[in-house]
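Reader: I'm new to this one, and I'd like to learn how to read it. Could you walk me through it, feature by feature?

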Amino acid sequence: KNALSELIEGAKKGDEYLIFSLGVEDLERYENIISYYRDFEKVRKSKGIISKAIAPKSQKPFLKESEKIINIKFVDFPTPLDVSIFNDKLLLSSWGEKETFFIIESKALAESFRKYFYFIWNKNQSSF
């Protein structure tokens, strides 16, 4: 929770929050994480932050509810998992046995991931 709050600190209406999907295999754990992200998305939406996500098609059943608050496109190929991009920051998350989060503040890295995100976003026609 702290990492996501720190990531969007200083957010302005119209800023973009871009997400490469969660890399979680355990359904019960997945539901707990998705529940938190749903709450986070309400905060994000109240701040006027635009949110977009790219996820593997295998996650489509789990993300069905999220379509109401976030624009998601699904792909048939591997993408980075657990990466969020916001302004000049990247959030790298690991939801394994020990949850680990890194925030990297780098304009160059954020722009590189943002370009890759939009390369996929603009090529892919599949979405909810």
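Author: Happy to. Helices and strands here are DSSP runs, numbered from the N terminus. One thing to keep in mind is that this is a predicted model. Going along from the N terminus, the elements of the protein run α-β-α-β-α-β-β-β-β-α. That comes to four helices and six strands.

Reader: How much of the protein is buried?

Author: A residue counts as buried when its relative accessible area is under 20%. Buried residues make up 42% of the 128 residues in the protein. As for the outside, the protein exposes about 7,500 Å², and carbon and sulfur atoms supply 52% of that area.

Reader: What share of the contacts joins residues 24 or more positions apart?

Author: Leave out pairs with a separation below 6, and residues 24 or more positions apart account for 66% of the contacts in the protein.

Reader: Let's go inside. Which residues have the most contacts in the largest nonpolar core?

Author: A nonpolar core is a set of buried nonpolar or aromatic residues joined through their side chains. The largest one here has 17 residues, and Leu4, Ile8, Tyr17, Tyr37, Phe40, Ile72 and Phe86 have the most contacts inside it. Helix 1 (2-7), strand 1 (16-20), helix 2 (27-46), strand 2 and strand 3 (71-75) each give two or more residues to this core. Helix 1 supplies the largest share, three residues. For a closer look, pick Phe40: leaving aside neighbours within four places in sequence, Phe40 is in contact with Leu4, Ile8 and Tyr17. Apart from this core lies another, of 12 residues, among them Ile85, Tyr118, Ile120 and Trp121.

Reader: How do I read aromatic rings, and how many aromatic pairs does the structure hold?

Author: Look at the distance between ring centres and the angle between ring planes; planes over 60 degrees apart count as edge-to-face. The structure holds four aromatic pairs. In one of them, the rings of Phe117 and Tyr118 have their centres 5.5 Å apart and their planes at 75°, so this pair is edge-to-face. Both Phe117 and Tyr118 are buried. They also belong to one aromatic cluster, formed by Phe20, Tyr116, Phe117, Tyr118 and Trp121.

Reader: What sits over the ring of Trp121?

Author: The charged end of Lys73 does, 4.5 Å from the ring's centre.

Reader: What about Lys52: buried or exposed?

Author: Apply the cut-off of under 20%. Lys52 has a relative accessible area of 17%, so Lys52 is buried. You'll find Lys52 in strand 2 (residues 50-56). The side chains of Lys52 and Tyr118 are joined by a polar contact of 3.0 Å. Setting aside neighbours within four places in sequence, the residues in contact with Lys52 include Glu16, Asn71, Phe117 and Trp121.

Reader: Now backbone angles. What is special about the phi of Asp82?

Author: Most residues other than glycine have a negative phi. Asp82 has a positive phi of about 60° although it is not a glycine. Asp82 is found in the loop between strand 3 and strand 4 (83-86), and at 10% relative accessibility Asp82 counts as buried. Asn87 is another case, with a positive phi near 50°. Asn87 lies in the loop between strand 4 and strand 5. At 32% relative accessibility, Asn87 counts as partly exposed.

Reader: Which residues does Ser93 contact, beyond its neighbours within four places in sequence?

Author: Ser93 is in contact with Asp82, Thr100 and Phe101. Ser93 is placed in strand 5 (residues 89-94) and is buried, with a relative accessible area of 12%. You can also set sequence against space here: Ser93 and Ile103 are 10 residues apart in sequence, and their C-alpha atoms are 8.8 Å apart.

Reader: One last stop: where does Thr79 lie?

Author: Thr79 lies in the loop between strand 3 and strand 4. With a relative accessible area of 13%, Thr79 is buried. Not counting residues up to four places away in sequence, Thr79 touches Phe20, Ile54 and Ile120. Phe20 is one of the aromatic cluster, and Ile120 is in the core of 12 residues.

Note on methods. Residues are numbered from 1 along each chain as its sequence is written. This is a predicted model: local features need pLDDT of at least 70, side-chain atom pairs count only at pLDDT 80 or more; totals for chains, interfaces and linings use all residues. Side-chain values use heavy atoms; hydrogens and water are left out. Buried means under 20% relative accessible area, exposed over 50%, partly exposed in between (1.4 Å probe, protein chains only). A polar contact is a pair of N or O atoms within 3.5 Å; within protein, one must be able to donate a hydrogen and the other to accept it, and residues adjacent in sequence count only if both atoms are side-chain atoms. Contact means heavy atoms within 4.5 Å. Accessible areas come from the Shrake-Rupley method with a 1.4 Å probe; for residues, only the protein chains shown count as cover. Rings of Phe, Tyr and Trp (its six-membered ring) pair if their centres lie within 6.5 Å; planes under 30 degrees apart count as stacked, over 60 as edge-to-face and the rest as tilted. A charge sits over a ring if NZ of Lys or CZ of Arg is within 6 Å of the ring centre and within 35 degrees of the ring normal. A nonpolar core is a set of buried Ala, Val, Leu, Ile, Met, Phe, Trp, Tyr and Cys residues joined through side-chain atoms within 4.5 Å.
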